[in-house]
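Colleague: I should be grateful for a close look at one part of this model, a helix and the sheet beside it. Please set out how that part is placed and what surrounds it.

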Amino acid sequence: MRHVPGQGRQAFFAIRPTRYYKETLRLRCVLASLRFNFIKNAIPMKRKTLGTSTVTVTPIAFGAWAIGGWMWGGAEDAAALRALKASFDAGITTIDTAPIYGFGKSEELVGKAMTGIARDKYEILTKYGMNWKTNQGEFYFDTADNNGKPTKVYKYSGKAAVISECEDSLRRLKTDYIDLYQIHWADATTPISETMEAVATLIRQGKVRAAGVCNYAAAQVDEALKTVQIVSNQVPYSLVNRGIEKDLVPQALQKKLSIIPYSPLQRGLLTGKIKPGHVFGPGDTRENNKFYKDENIARVNAMLETLRPLAEKHKATLTQLIINWTTRQPAMDCVLVGARDEKQVMDNVKALDFVLSDEALEGIRKAVNALVLVD
Ligand SMILES: NC(=O)c1ccc[n+]([C@@H]2O[C@H](COP(=O)([O-])OP(=O)(O)OC[C@H]3O[C@@H](n4cnc5c(N)ncnc54)[C@H](OP(=O)(O)O)[C@@H]3O)[C@@H](O)[C@H]2O)c1
């Protein structure tokens, strides 16, 4: 507050509250905006473009499967909302979700967390084609819903179903468009052309910005491309699971598609925190997975230990090193990193705070090439 010469004491006090509050308010706004900008710019992330589309994304995205609870032994809503908000505040603007993640719950949490944020400030990648409401399509597996009710899941992507699933997702996500709409798993009962025609219709209607696929083999990608310009294939990829380097990565590079790798931490294993004998919570499906056999946990952890000096050189954790390495692999334009809570998010966003040399990238590859897992 500035003193104004020539004003009497009475006038000063009369004017003071207004000026005082104005000045305080201005200061508060400046501080808030500094804080906001500081958090927002905590990691300046160079954005990437999905294939030939106009959709730009952050090189790491928030993977919203675990927050839906299903197959991850449950999840706590408040922690999930904090994780989503912390992720956005830290500069990760891209979120990957799906209707099946918690039978609508993950999408609802995303919609709730993003309420009040301008829609063009974040990108939603979601999916369709996993049907738990009818018995249409190709039976996939038996499961239990969030209330423990036995539920059958079918892979189904008939035209009318895709159109109506999109409406459900838009409602849960509280938005009027989806940035990337991806088939979750191929459905053998519906021609790929029919499914892709449905997505082309949604694009024409402005409800979807770009089409993607998940878990598609190279031949299925080629088939989909005959009907609609798909821009991405979302597939499993991690340092210990690099099968797609044989065919899908070369195809993506040749056809200008993005690979959206999922489970880059091999569902938590590559954090190094899982030890042999680990007891998973009820409903957590990781224990049945080959990677989580005690012998494989021990072998992977031994391999990770050889990478620790490199991580320490960059003042990074093993988790951050693995995420960073994944973002540097060819065609991997948007690495989906799952997180359950705010702490994991804040650890993971620091993964892009350092640059690995080509030599370091190759050294990591060599370390994992020496790893043999048991079946
Ligand atoms: N299209 C598909 O078919 C498909 C399939 C799978 C996944 N996805 C997508 O990909 C995303 C990521 O994959 P994902 O969730 O399977 O696996 P992930 O990213 O490899 O692993 C995520 C899990 O690792 C643990 N974790 C993460 N950060 C950590 C940290 N800093 N410290 C300690 N633990 C940490 C957490 O599990 P705990 O806390 O339980 O240990 C977390 O839920 C999914 O959320 C989903 O969006 C898609």
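Modeller: The account below begins with the helix and then turns to the sheet.

This is a predicted model, in which local features need pLDDT of at least 70, side-chain atom pairs count only at pLDDT 80 or more, and totals for chains, interfaces and linings use all residues. Residues are numbered from 1 along each chain as its sequence is written.

The chain holds eleven helices and 13 strands; helices (H or I, at least four residues) and strands (E, at least two) are DSSP runs, numbered from the N terminus. Of its 375 residues, 42% count as buried. A residue is buried if 20 or more other C-beta atoms lie within 10 Å of its own, exposed if 12 or fewer, and partly exposed in between, with C-beta atoms placed from the backbone.

Helix H3 spans residues 105-114, and because seven of these ten residues are buried, the helix is largely enclosed by the rest of the structure. The buried residues of H3 are Lys105, Ser106, Glu107, Leu109, Val110, Ala113 and Met114. Their cover includes helix H2 (77-89), strand S4 (94-96), strand S5 (123-128) and helix H4 (159-173). After H3 comes Gly116, which has a positive phi, near 95°.

Val110 of H3 deserves separate attention. Leaving aside neighbours within four places in sequence, Val110 is in contact with Ala64, Leu84, Ile95, Thr97, Ile124 and Leu173; contact requires C-beta atoms, placed from the backbone, within 7 Å. In the largest nonpolar core, which has 96 residues, Val110 is among the five that touch the most other members, together with Ala61, Tyr181, Val199 and Ala211. Such a core is a set of buried Ala, Val, Leu, Ile, Met, Phe, Trp, Tyr and Cys residues joined through C-beta atoms within 7 Å. In soluble globular proteins, nonpolar side chains tend to be buried together.

S4 and S5, which help to cover H3, belong to an open sheet of eight strands in the order S12-S11-S10-S9-S5-S4-S3-S13, with parallel pairing. Strand S12 (258-262) and S13 stand at the edges with a single partner strand each, so one side of each is left without a neighbour in the sheet. On average, neighbouring strands of this sheet are turned by 30° against each other, direction ignored; axes are lines fitted to C-alpha atoms, for helices over the stretch in contact, and angles run from 0 to 180 degrees between N-to-C directions.

Two strands pair if DSSP finds at least two bridges between them. S3 and S4 run parallel and are joined by two bridges, with Phe62 opposite Ile95 in S4. On the way to the edge, strand S3 (residues 60-63) pairs with S13 in the parallel sense over four bridges, and Ala61 has Leu336 in S13 as its bridge partner. In the other direction, four bridges join S5 to strand S9 (residues 178-183), again in parallel, and Tyr128 stands opposite Ile183 in S9. Five bridges then link S9 to S10, which run parallel, with Gln182 opposite Gly212 in S10.

H4, also part of the cover over H3, lies across S5, S9 and strand S10 (208-214), at about 140° to S5. Six of the seven residues of S10 are buried, so this strand is largely enclosed by the rest of the structure.

Notes
Contact = placed C-beta atoms within 7 Å.
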